[in-house]
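Work through the exercises below with the sequence and the model side by side. Try each task before reading its solution.

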Amino acid sequence: MAFEFLRWLFGSRDAPETVTAEEMFQLYSETYVRELAFDSCVNLLANAVSKCEVKTYMNGKEQKGAEYYRWNYAPNPNQNSSAFWCKVIRKMYRNGSALVVESGGNLLAADSWIRQEYALRDDMFSQVTVGDFTFSRTFAASDVLFFQCSAENIKQVVDGLFSSYAQLIAYGMRGYKKSRGEKGTLELDANLAGDAKFQEAFNSIKNEGFKKFAEADNAIMPLYRGMKYTSLASKTYNSDTTRDIRAMIDDVTDFTARGFGVPACLVNGSVQNVDSATDQLLTFGVDPLVDNLQTEINRKRYGKSVLQGSYLEFDTQHIKHIDLLEASGSIDKLVGSGVVCINDIRALLGQQLINEPWAWAHFITKNYATVSEALEAAEKGAEI
């Protein structure tokens with residue numbers, strides 16, 4: 001019945017005649033567990049992308065102009081960049097694609113649209129709706145940003161996997177509830193079976209009195225002459241705990257995380273191996289996602305200008321927190337080898353840049369030398 005109710009809820013058939021409270025509880029439990037696992041993975045990726053700095057380049061030089069402000073601060077008057085990217089990525093994973101249109105210089109993530117696909121010309125997007133507003137015009141594919149999820153069927157796969165695993169969770173919940181319930185036997189005097197008044201009193205206890213007695217923390221149940229109640233709670237109680245149910249729910253989270261390509265420990269809140277898990281998240285989860293995003297943006301908003309060094313790029317270095325004291329050794333090596341300047345390090349740490357020429361200069365320690373210089377110094381007897 002719960003399955004029939006779910007089909008009716010999404011409009012696939014007529015409403016079922018009856019849905020019991022237990023079936024509704026099972027339906028809600030299954031939906032919440034599935035959505036919790038799915039949303040946790042989506043939010044993890046969306047929050048990671050929202051922490052990225054979107055850098056803009058013009059003719060090979062980094063610039064911070066209107067385009068930079070639009071992507072990093074205010075894509076439109078009603079959303080900041082974090083809310084905008086979270087909406088786009090949620091749409092990508094939940095629906096398989098996300099549509100962004102531009103109107104009046106504002107970037108708007110669409111809630112719904114109708115796509116007409118063509119083989120030899122631009123696809124067309126009509127009935128584009130953002131909030132409570134529906135555009136009357138039709139958008140060509142070249143005029144919009146259409147992000148398609150690389151794992152387009154991930155939602156269907158996760159739901160299909162959960163549909164079988166949900167039976168184990170429901171069985172565990174029923175077993176736990178059953179083991180904690182009040183059970184007993186009621187002995188009746190056979191001579192009273194035909195007494196109408198006795199039958200009326202017995203039905204009253206059976207239908208109302210015993211239910212209140214079983215569900216109450218503290219209660220007394222009156223019994224009539226000829227009745228004897230014996231509790232069997234100690235005989236049906238088993239060793240199942242809520243930890244067993246929690247473990248099965250964690251399994252669903254692990255399976256879902258695997259489908260998204262993100263470490264399960266970051267989804268279920270484990271604090272073990274966070275550094276290596278974060279690196280795995282960046283490599284297999286965030287990097288492919290931002291590559292998908294920036295490729296679509298560059299080909300639509302910059303076109304062939306990317307060949308001349310005009311493009312947009314997601315900087316994922318800000319996703320991972322950097323502890324200044326722990327990274328001091330690495331910072332010394334980076335600066336001392338001349339790879340980066342002081343302001344490069346300050347930008348990486350999220351600190352204010354120093355507006356002095358020396359902060360932009362590259363330094364190198366004196367013990368670095370070319371092979372020829374080292375050999376020449378050795379011939380002269382100098383220390384290398």
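Three exercises follow, on a helix pair, a sheet and two backbone angles.

The model is predicted, local features need pLDDT of at least 70, side-chain atom pairs count only at pLDDT 80 or more, and totals for chains, interfaces and linings use all residues. Residues are numbered from 1 along each chain as its sequence is written, and side-chain values use heavy atoms, with hydrogens and water left out.

**Exercise 1. Describe how helices α4 and α10 meet.**

Step 1. Locate the helices: α4 covers residues 81–95 and α10 covers residues 274–302. Helices (H or I, at least four residues) and strands (E, at least two) are DSSP runs, numbered from the N terminus.

Step 2. Take the axes, which are lines fitted to C-alpha atoms, for helices over the stretch in contact, with angles from 0 to 180 degrees between N-to-C directions. The axes of α4 and α10 come within 13 Å and cross at roughly 105°.

Step 3. Classify the angle: α4 is therefore roughly perpendicular to α10 (65 to 115 degrees; under 35 is roughly parallel, over 145 roughly antiparallel, the rest oblique).

Step 4. List the contact residues (contact means heavy atoms within 4.5 Å). From α4 come Trp85, Ile89, Met92 and Tyr93, and from α10 Leu289, Asn292, Leu293 and Ile297.

Step 5. Sort these residues: seven are nonpolar, one is polar and none is charged. Ala, Val, Leu, Ile, Met, Phe, Trp, Tyr, Cys and Pro count as nonpolar, Asp, Glu, Lys and Arg as charged, and the others, Gly among them, as polar.

**Exercise 2. Work out the strand order of the open sheet with three strands, and find its edges.**

Step 1. The order is β2-β1-β12, with antiparallel pairing. Two strands pair if DSSP finds at least two bridges between them.

Step 2. β2 and β12 (311–315) each have a single partner strand, so they stand at the edges and one side of each lacks a neighbour in the sheet.

Step 3. From one strand to the next the twist averages 40°.

Step 4. Three bridges join β1 and β2; Tyr57 has Glu62 in β2 as its bridge partner.

Step 5. Helix α10 lies across β1 and β12, at about 165° to β12.

**Exercise 3. Compare the settings of Asn59 and Gln127.**

Step 1. Asn59, not a glycine, has a positive phi of about 55°. For Gln127, also not a glycine, phi is near 50°.

Step 2. Asn59 is in the loop between β1 (53–58) and β2 (61–63), whereas Gln127 is in strand β6 (residues 124–130).

Step 3. Asn59 is exposed at 55% relative accessible area, and Gln127 is partly exposed at 46%. Buried means under 20%, exposed over 50%, and partly exposed in between (1.4 Å probe, protein chains only).
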